[in-house]
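These are my notebook entries from an afternoon with this model. I wrote them as I went along, one stop after another.

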Amino acid sequence: MNILTLDKVKKSYGLRVLFDDVTFAVDGGQKLGLIGLNGAGKTTLLKIIAGLAEADSGEIWKNQKARIHFLPQEPQFLPGRTVLESVLDGDLPVMQLLRRYEEAVQRGDDEGVVKLTEEMDASHAWELEQHAKVILQKLGIDDLTQRVDELSGGQRKRLGLARALIMPCDLLIMDEPTNHLDDKTILWLEAYLRDSKAALIVSTHDRYFLDTVVDSMIELDRGHVYTYEGNYAAYLELRQARLEQEEASAEKRRNLIRRETAWIRRGAQARSTKQKARRDRYEQLCAIEDGKPVENVEIFDTSVRLGKTILDIDDVAFAYPGQEALFSGVTYHVVKHDRIGIIGENGVGKSTMLKVLSGELQPTAGTLTIGQTVRFGFFTQQLPEFDESMRVIDYIQERGHFVTNQFGQRISATRLLEQFLFSDEMQYTYIYKLSGGERRRLYLLRLLMEQPNVLLLDEPTNDLDIPTLTVLERYLDTYQGVVLVVSHDRYFLDRVADKLFIIENGTWKRYYGDYSDYLAETLAVRSEKDDVKKSPAAAQSKGEAAPVARKVGLTARQEEELRRILEELPQYEGLLKGINAAIAAAGSDYEQVESLLKEQQETQRKVDELTERWCEMEDLKAE
């Protein structure tokens with residue numbers, strides 16, 4: 001069943017064209033992912049499809065029998081309602097029946113309750129209510145009587161998500177549904193949407209989510225829409241092929257522009273129709289060339305040097321007054337080029353840990369030593385107050401017109417703006433005209449202009465588009481400082497972090513490796529435990545003695561040595577990665593390169609020694 005079709009849809013704000021000639025169709029059960037730069041018009045397009053905004057031109061055909069539901073980034077609820085009332089707040093007859101039943105119960109109208117109970121039985125309304133409670137529980141909302149006015153922004157987003165998921169519809173439209181969700185909830189949501197028979201259009205920066213859920217991709221790029229069959233991985237391949245084809249056409253166009261420019265400069269008089277047509281063609285070619293996509297952006301590291309002491313964390317704990325400790329026993333020696341991801345469920349204290357490490361909060365136990373050369377850059381979830389009458393470039397140049405990094409490179413504010421995808425035109429745009437994602441990108445760049453050497457990133461991927469995330473990931477590849485990041489974006493964690501801090505039930509543990517490895521091991525352990533529970537051997541009676549196993553493997557001293565190797569090896573590997581990036585950034589500074597090459601050789605030797613010893617220990621362990 002065809003649900004809707006868009007034909008040559010256009011939307012502008014003033015002189016700025018958001019998109020033009022948008023044409024595609026949505027069929028029953030189809031799952032589409034929508035991506036594009038912040039400010040490209042993704043949210044506006046979703047609102048037009050949902051009927052909440054008007055297009056300037058074009059046609060939108062909707063199947064009259066199809067039901068469409070839209071989940072915005074910031075769901076709205078009627079004040080004073082409870083969680084359960086809000087999640088069932090829809091215009092469907094069965095939802096209206098449920099509300100009338102709840103009102104009758106609250107009034108004490110026994111006769112009305114009896115009558116409505118019969119209607120509820122006939123309409124299977126009890127099933128909908130039970131389904132709503134299950135969904136709320138899966139999304140981590142347990143108090144169904146809590147007023148929506150008391151909910152945090154993250155809780156309101158999850159409540160809106162619950163309302164969207166229980167709403168019977170043929171097309172579900174979702175704008176950044178994974179924001180404020182923890183890893184387990186995102187995995188559950190992926191499975192739920194995959195199994196759903198409803199069609200889906202979802203705008204999200206979560207690349208693993210797109211890989212898992214969608215079967216088609218829609219890209220908004222420079223005012224045009226491109227459609228691709230397949231998930232995000234397939235989109236990357238198909239988009240690359242498109243860009244290569246465009247580049248070949250662009251090269252031909254540039255050659256033509258050179259010839260036409262030479263003709264213009266010869267002072268030809270545009271008097272004849274032929275000459276005027278040629279002049280018009282020249283202007284059209286230049287306009288096309290100005291709109292070329294931003295690819296292969298040059299990356300500059302803005303950090304300054306770090307000393308030997310960075311962060312020494314010794315048995316640190318933190319608790320808010322009158323509450324139990326969020327975490328305790330945290331001990332770690334931060335070294336150069338550390339890339340640490342901090343993970344855990346919502347509310348366990350991840351953001352609080354960043355505040356403690358930055359010195360914003362004092363630990364309630366243990367000691368934290370911060371090195372004298374440390375310069376923090378703390379990217380928080382909350383945006384600062386902007387002076388919206390300022391232009392983008394003025395906001396950045398408040399910090400300075402140039403920065404000089406540790407390699408002596410002098411980088412202008414305009415070049416850094418270009419690096420983070422602010423075009424010449426956008427640099428002179430007023431801040432009040434920026435989208436939420438563009439503001440977060442601007443805030444991040446202003447932070448990097450302060451030249452921090454320890455970056456604390458609290459959910460940096462929220463509201464950032466995928467091209468910006470790619471630039472940020474490439475920046476962190478060359479960054480010479482330390483990165484500690486709290487994120488639920490699994491792709492970003494895999495790309496950036498090489499070790500994890502896991503906060504769980506007030507305790508913490510370290511894991512050396514990326515997030516996907518950790519998740520695979522965690523699922524494998526759970527599976528083994530389930531197998532043991534199901535195994536007949538696990539059902540031995542208490543009177544039976546378990547057979548005594550012969551002790552094999554490593555001695556206690558060897559186990560300790562292996563543990564130390566597993567701690568040190570990733571640190572030296574991270575250091576080696578940082579040195580390689582520093583060599584690339586040093587350019588023609590031969591004295592600096594020579595010093596770095598010596599450090600590279602010594603670090604590589606240490607990595608080889610630890611790797612060889614680790615292999616020996618693993619062989620012993622296997623025996």
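I began with helix α11 and looked up which of its residues are buried: Lys350, Thr352, Met353, Leu354, Val356, Leu357 and Ser358. Buried here means under 20% relative accessible area, exposed means over 50%, and partly exposed lies in between, with a 1.4 Å probe and protein chains only. The helix spans residues 350–358 and is mostly covered, with 7 of its 9 residues buried. Right after α11 I found Gly359, whose phi is positive, near 90°. For helices and strands I rely on DSSP runs numbered from the N terminus, H or I of at least four residues for a helix and E of at least two for a strand.

A note to myself on ground rules: this is a predicted model, in which local features need pLDDT of at least 70 and side-chain atom pairs count only at pLDDT 80 or more, while totals for chains, interfaces and linings use all residues. Residues are numbered from 1 along each chain as its sequence is written, and side-chain values use heavy atoms, with hydrogens and water left out.

**Strand β10**

Next I went to Val316, in strand β10 (residues 311–318). Val316 has 2% relative accessibility, so it counts as buried. I then listed its contacts (heavy atoms within 4.5 Å), leaving aside neighbours within four places in sequence: Phe327, Ser328, Gly329, Val330, Val356, Pro363, Ala365, Gly366, Thr367 and Leu368. One of these, Val356, is also among the buried residues of α11. I checked Gly366 too: its C-alpha is 4.2 Å from that of Val316, although the two are 50 residues apart in sequence.

Asp315 is in β10 as well. Its phi is near 55°, a positive value in a residue other than glycine. At 45% relative accessibility, Asp315 counts as partly exposed.

**Around α14**

I looked for another positive phi and stopped at Leu421, with about 65° although it is not a glycine. Leu421 lies in the loop between α13 (413–419) and α14. Its relative accessibility is 10%, so Leu421 counts as buried.

On the other side of α14 (424–427), I found Thr429 in the loop that leads to α15 (436–449). Thr429 is buried, with a relative accessible area of 19%. What does a polar atom of its side chain lie 3.3 Å from? I found the backbone oxygen of Glu425 there. Not counting residues up to four places away in sequence, Thr429 touches Met390, Arg391, Val392 and Leu434.

**Arg242 in α9**

Is Arg242 buried or exposed? I read 11% relative accessibility, so Arg242 counts as buried. Arg242 lies in helix α9, residues 232–265. Its side chain makes a polar contact with the side chain of Glu219 at 3.1 Å. A polar contact is a pair of N or O atoms within 3.5 Å; within protein, one must be able to donate a hydrogen and the other to accept it, and residues adjacent in sequence count only if both atoms are side-chain atoms. Beyond four places in sequence, I listed Glu219, Asp221, Arg222, Tyr226 and Tyr228 in contact with Arg242. The C-alpha atoms of Arg242 and Tyr226 are 9.7 Å apart, with their positions 16 residues apart in sequence.

**α3 against α5**

I turned to α3 (residues 93–107) and α5 (residues 125–138), whose axes come within 10 Å and cross at roughly 85°. That makes α3 roughly perpendicular to α5, a label that covers 65 to 115 degrees. From α3, Val94, Met95, Leu97, Leu98, Tyr101 and Glu102 meet Ala125, Trp126, Leu128 and Glu129 of α5. The residues of this contact divide into 8 nonpolar, no polar and 2 charged.

I stayed in α5 for His131. His131 is partly exposed, with a relative accessible area of 30%. Leaving aside neighbours within four places, I found His131 in contact with Leu165, Ile166 and Tyr192.

**Last look at the whole**

To finish, I counted up the protein: 20 helices and 20 strands. Buried residues make up 47% of its 623 residues. Of the contacts with a separation of 6 or more, 68% come from residues 24 or more positions apart.

Key
Axes are lines fitted to C-alpha atoms, for helices over the stretch in contact, and angles run from 0 to 180 degrees between N-to-C directions. Angles under 35 degrees count as roughly parallel, over 145 as roughly antiparallel, 65 to 115 as roughly perpendicular and the rest as oblique. Ala, Val, Leu, Ile, Met, Phe, Trp, Tyr, Cys and Pro count as nonpolar, Asp, Glu, Lys and Arg as charged, and the others, Gly among them, as polar.
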